[in-house]
Amino acid sequence: MLREGLKMSPDEGQEELEEVQAELKKKDEEFQRTKLLNGPGDIETGTSTTIPQKKWLHFISPIFVQALTLTFLAEWGDRSQLTTIVLAAREDPYGVAVGGTVGHCLCTGLAVIGGRMIAQKISVRTVTIIGSIVFLAFAFSALFISPDSGF
């Protein structure tokens, strides 16, 4: 990560953001053109020339699948999941399910909002360099600090 961060250009994240914004603008323009070509349909008779789409397909996007997979695999078998299993075995499983879901939603929501705010203030390069330094510090602390030292 440190090598990648040092090789990045300072505005690398900005280039990607502009590319995504241009692609979204292009798709929106295509959608508007399709809507104009098909027309609104006749409201009184309930006919429309547009092809009906399933509403649930709007939720299944590549980023949705990526976030779902990432979160599922990151959480599978970690300490919080094992603790939730023990808690559900001892207490009301419905309360544990609702509490765990709300807690995870709040935690993920704060991470998304915080990440968005950080991304607007500092570059991807800076985040990558800081992250690599933090991981190196954890690695060195694991090498030199014994688990019995009480830290």
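## Fold and overall surface

A helix here is a DSSP run of H or I, at least four residues in length, and helices are numbered from the N terminus. The model is predicted. Its protein chain holds six helices and zero strands. Read along the sequence, the pattern is α-α-α-α-α-α.

The protein chain has 151 residues, and 5% of them count as buried. About 13600 Å² of the chain is exposed. Carbon and sulfur atoms supply 67% of that area. Take the contacts between residues at least 6 apart in sequence: 60% of them join residues at least 24 apart.

## A nonpolar patch centred on H6 residues

Eight side chains are named in a nonpolar surface patch: Met1, Ile118, Ile122, Val127, Ile130, Val134, Phe135 and Phe138. The patch covers about 760 Å². Helix H6, residues 124–144, gives the largest share, with five residues.

Ile122 lies outside the helices, in the loop between H5 (93–121) and H6. Its relative accessible area is 35%, so Ile122 is partly exposed. A patch residue needs over 30%, and Ile122, at 35%, therefore passes that cut-off.

## Buried polar residues in H6

H6 also carries residues that are buried. Ser132 sits in this helix. Its relative accessible area is 4%. Buried means under 20%, so Ser132 qualifies. A polar atom of the Ser132 side chain lies 2.7 Å from the backbone oxygen of Ile129. With neighbours within four places in sequence set aside, Ser132 is in contact with Met1 and Leu2.

Thr128 is another residue of H6. At 12% relative accessibility, it counts as buried too. Beyond its neighbours within four places in sequence, Thr128 touches Met1, Gly5 and Met8. Met1 thus recurs: it is in contact with Ser132, it is in contact with Thr128, and it is part of the nonpolar patch.

## The salt bridge in H2

The structure holds one salt bridge. It joins the side chains of Glu23 and Lys27, at 3.8 Å from N to O. The cut-off is 4 Å, so the pair counts. Side chains of opposite charge can pair when their charged atoms come close.

Both residues belong to helix H2, which spans residues 12–38. Glu23 and Lys27 are four residues apart, about one turn of the helix. Is Glu23 buried or exposed, or in between? Glu23 has a relative accessible area of 43%, which makes it partly exposed.

## Cysteines

A search of the whole structure finds zero disulfides. Two cysteines can be placed by their accessibility. Cys105 counts as exposed, at 51% relative accessibility. Cys107 is exposed as well, with a relative accessible area of 53%. Exposed means over 50%, so both values clear the cut-off.

Methods
Residues are numbered from 1 along each chain as its sequence is written. This is a predicted model: local features need pLDDT of at least 70, side-chain atom pairs count only at pLDDT 80 or more; totals for chains, interfaces and linings use all residues. Side-chain values use heavy atoms; hydrogens and water are left out. Helices (H or I, at least four residues) and strands (E, at least two) are DSSP runs, numbered from the N terminus. Buried means under 20% relative accessible area, exposed over 50%, partly exposed in between (1.4 Å probe, protein chains only). Patches are made of residues with over 30% relative accessible area and no salt bridge: like charges are joined within 9 Å, nonpolar side chains (Val, Leu, Ile, Met, Phe, Trp, Tyr) within 5 Å. Accessible areas come from the Shrake-Rupley method with a 1.4 Å probe; for residues, only the protein chains shown count as cover. A polar contact is a pair of N or O atoms within 3.5 Å; within protein, one must be able to donate a hydrogen and the other to accept it, and residues adjacent in sequence count only if both atoms are side-chain atoms. Contact means heavy atoms within 4.5 Å. A disulfide is a pair of cysteine sulfur atoms within 2.5 Å.
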